[in-house]
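Biologist: I'd like to learn how to read helix packing, ring pairs and burial off a model. Can you walk me through some cases?

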Amino acid sequence: MSTPLSILDLATIGEGETAAESFAASVQLAQHAEKWGYRRIWYAEHHNMPTIASSATSVLIAHVAANTSSIRLGSGGVMLPNHSPLTIAEQFGTLETLHPGRIDLGLGRAPGSDQNTMRALRRDPMSAESFPQDVQELQGYLTGNTRIQGVNATPGYGTNVPLYILGSSVFGAQLAAALGLPYSFASHFAPQALQDAVRIYRRDFQPSEQLEAPYVIAGVNVMAAESSEEAQQHFDEAVRRRVVQMLGRGRTFTPEETDMLLESPAGQNLMQMVKYSAVGTPSEVRSYLDWFTEYADADELIVATQASTIEARLRSYELLSQISR
């Protein structure tokens, strides 16, 4: 397959692991991905989630960037309503100044957390309503065309860090099209509106200084292994762990209880979230991704791999890189 491949690193804290071990694994993955030819790695902003360590997204990007040399790194994404545009412009302007030509800034408007965590973040529930204006304000700081007289981002001014709009609905597609920005659809966990959103984005796209033609990145889950059985086992374990984490509310479950959770309406809904998943041997994964690229009308795929061990994740990404050459 000739479609560029990138990685969404969830900075997973595995069972019995620490956040420090998660960060070491992220560095290890980035160093390998750089050699294997991946285009970029993105990290998502999540809060109050004991299994995801990428809450301070810009700090993690800085750490990984300092331990790699060429691969692009960015946010997938920063939840802009959690922050002031000036603060994010300064953070990513700093990153771009330290690591020129390597930094992406993907932006989303979801909270990345629950209602209680939103309050702890001091986030106004209505702040998402100003997301389009906040994106433009942020863009102004980074391009040197500030929208607030007398206020500039230092560092940030004139760094032109590329912006990406992330979304799982038609809203993000419409905004990305109107602003002439690349669009990344979160089809790895929110598959429902994929085709409609991409169609609207391509139809309504307006060229901009950053981008002359529409550019779509689509998310997809991948678990590759030496055999179909091994890949399926890793994938099933990851799904079961996710269901327990999201529905179990901190409880420990027996295998039988986990099966009951999976079979419940809420469990089946979570299963639908991973509808777009390439699981199997390298050849099986390649066939699926060739189909998915056409189905999603994507210019690039960003893949997420979850497995119970770091070794299995690395092996999956390695096998995937071999079939993409």
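Biologist: Let's start with α9 and α10: at what angle do they pack?

Modeller: Keep in mind that this is a predicted model. For helix pairs, an angle from 65 to 115 degrees counts as roughly perpendicular. Here helix α9 (residues 255-263) and helix α10 (residues 265-273) pack at about 75°, so they are roughly perpendicular to each other. Their axes are 4 Å apart.

Biologist: Which residues make that contact?

Modeller: On the α9 side you have L261, L262 and E263, and on the α10 side P265, G267, Q268 and M271. Sorted by class, that contact has 4 nonpolar, 2 polar and 1 charged residues.

Biologist: Next, rings. How many aromatic pairs does a search of the whole structure find?

Modeller: The search turns up 11 of them. To read a pair, look at the ring planes: under 30 degrees apart is stacked, over 60 is edge-to-face, and the rest are tilted. Take Y276 and F292: the ring centres are 5.2 Å apart and the planes sit at 50°, so this pair is tilted.

Biologist: Where do Y276 and F292 sit in the chain?

Modeller: Y276 is in the loop between α10 and β8 (277-280), while F292 belongs to helix α11 (residues 282-296). The two are 16 residues apart, so the pair links distant parts of the chain. Both Y276 and F292 are buried.

Biologist: What about the rings of Y276 and Y295?

Modeller: Their centres are 5.7 Å apart with the planes at 50°, so call that pair tilted too. Y295 is in helix α11, so the pair with Y276 ties together parts 19 residues apart in sequence.

Biologist: Are Y276 and Y295 buried or exposed?

Modeller: The cut-off for buried is under 20% relative accessible area. Y276 has 4% relative accessibility, so Y276 counts as buried. Y295, at 26%, counts as partly exposed. Zooming out, Y276, Y288, W291, F292 and Y295 form one aromatic cluster.

Biologist: A ring can have a charge over it, too. Where does R109 lie?

Modeller: R109 lies over the face of F171, at 3.8 Å from the ring centre.

Biologist: One last residue: what does L175 contact beyond its neighbours within four places in sequence?

Modeller: Leaving those neighbours aside, L175 is in contact with F131, P132 and I165. L175 is found in helix α6 (residues 170-179), and with a relative accessible area of 10%, L175 is buried. As for R199, 24 residues from L175 along the chain, the C-alpha atoms of the two are separated by 13 Å.

Methods:
Residues are numbered from 1 along each chain as its sequence is written. This is a predicted model: local features need pLDDT of at least 70, side-chain atom pairs count only at pLDDT 80 or more; totals for chains, interfaces and linings use all residues. Side-chain values use heavy atoms; hydrogens and water are left out. Axes are lines fitted to C-alpha atoms, for helices over the stretch in contact, and angles run from 0 to 180 degrees between N-to-C directions. Angles under 35 degrees count as roughly parallel, over 145 as roughly antiparallel, 65 to 115 as roughly perpendicular and the rest as oblique. Contact means heavy atoms within 4.5 Å. Ala, Val, Leu, Ile, Met, Phe, Trp, Tyr, Cys and Pro count as nonpolar, Asp, Glu, Lys and Arg as charged, and the others, Gly among them, as polar. Rings of Phe, Tyr and Trp (its six-membered ring) pair if their centres lie within 6.5 Å; planes under 30 degrees apart count as stacked, over 60 as edge-to-face and the rest as tilted. Buried means under 20% relative accessible area, exposed over 50%, partly exposed in between (1.4 Å probe, protein chains only). A charge sits over a ring if NZ of Lys or CZ of Arg is within 6 Å of the ring centre and within 35 degrees of the ring normal.
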